Amino acid sequence: MSQIRHILATTDFSPAAEPGIDAAIDLAKDMGARLTVVHVFDPSPLAPLATRGDVALDQIVGEQEVEEAILQELERVRSEKLSGLEGAEVALLTGHSAADAIDRYAKDDGVDLIVMSTHGRTGIAHFLIGSVTEKVLRRAPCPVLTVPSAGAGLRRTPDGE
């Protein structure tokens with residue numbers, strides 16, 4: 001594998017996304033790589049709510065307000081998680097397919113590694129919602145590291161092992 005200089009981590013702002021971001025931060029520190037954390041926003045009215053960030057339905061007035069709320073969430077991620085990592089950045093991507101937007105960004109920005117959490121959906125939820133991670137894995141222009149979320153069967157002991 002070639003040297004990893006640019007890592008891309010994804011977030012939908014859910015707790016399930018945290019392990020992927022944390023793993024990407026650790027890798028970026030260990031490898032001296034640049035880290036970009038992205039969120040994909042689908043502006044269409046029927047878009048999945050996950051693309052709208054942590055915004056309550058009764059607060060959604062228009063696309064601009066939703067986009068502003070998502071940008072605030074990205075800034076929260078930057079200040080809470082990335083403040084100690086030099087050169088780390090956040091980006092808001094727009095598109096109807098999160099997987100396509102992530103793959104396109106990775107290709108256009110020369111990303112060497114994509115890090116994504118898995119949400120652990122199975123059965124009908126997986127069938128209806130699909131898996132962004134699965135789609136990215138199939139088409140990514142670089143290696144993809146998947147990190148299971150706590151809800152995806154990852155067991156943690158009290159001492160973290």
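Which residues is Thr11 in contact with, leaving aside its neighbours within four places in sequence? In this predicted model, the list runs to Ala17, Ile21, Val37, Val38, His39 and Leu74. Thr11 sits in the loop that links S1 to helix H1 (18-31). With a relative accessible area of 7%, Thr11 counts as buried, because the cut-off for that label is under 20%.

The strand just before this loop, S1, is hidden as well. Five of the five residues of S1 are buried, so the strand is largely enclosed by the rest of the structure. His6, Leu8 and Thr10 point one way from S1, while Ile7 and Ala9 point the other way. That pattern fits a general rule: in a regular strand the side chains alternate between the two faces of the sheet. Here both sets are buried.

S1 has strand partners to pair with. Strand S2 (residues 34-41) runs parallel to S1, and the two are joined over five bridges; within S2, Arg34 is the bridge partner of His6. Strand S4 (residues 113-118) is also parallel to S1, this time through three bridges, and here Leu8 stands opposite Ile114. Together with H1, strands S1 and S2 build a right-handed β-α-β unit.

Ile7 takes the story from the strand into the core. Not counting residues up to four places away in sequence, Ile7 touches Ala24, Leu27, Ala28, Ala33, Arg34, Leu35, Thr36, Val111, Leu113 and Val115. The largest nonpolar core holds 23 residues, and Ile7 belongs to the group that touches the most other members, along with Ala24, Leu35, Val37, Ile70, Leu82 and Val115. At least two residues of this core come from each of S1, H1, S2, helix H2 (63-81) and S4. Another core, of 18 residues, lies apart from it and includes Ala101, Ile102, Ala106 and Val136.

How far can the model be trusted from place to place? The protein averages a pLDDT of 80, and 73% of the residues score at least 70. Among the elements, S1 (residues 6-10) has the highest mean pLDDT, at 97, and helix H4 (residues 123-129) the lowest, at 46. Over residues 125-129 the pLDDT stays under 50, and the model has five contacts for this stretch beyond four places in sequence. Residues 152-161 also have a pLDDT below 50, with eight contacts in the model beyond near neighbours in sequence.

Technical notes:
Residues are numbered from 1 along each chain as its sequence is written. Side-chain values use heavy atoms; hydrogens and water are left out. pLDDT is the predictor's confidence in each residue, from 0 to 100. Helices (H or I, at least four residues) and strands (E, at least two) are DSSP runs, numbered from the N terminus. Contact means heavy atoms within 4.5 Å. Buried means under 20% relative accessible area, exposed over 50%, partly exposed in between (1.4 Å probe, protein chains only). Two strands pair if DSSP finds at least two bridges between them. A crossover is right-handed if, with the strands pointing away from the viewer, the path from the first strand over the helix to the second runs clockwise. A nonpolar core is a set of buried Ala, Val, Leu, Ile, Met, Phe, Trp, Tyr and Cys residues joined through side-chain atoms within 4.5 Å.
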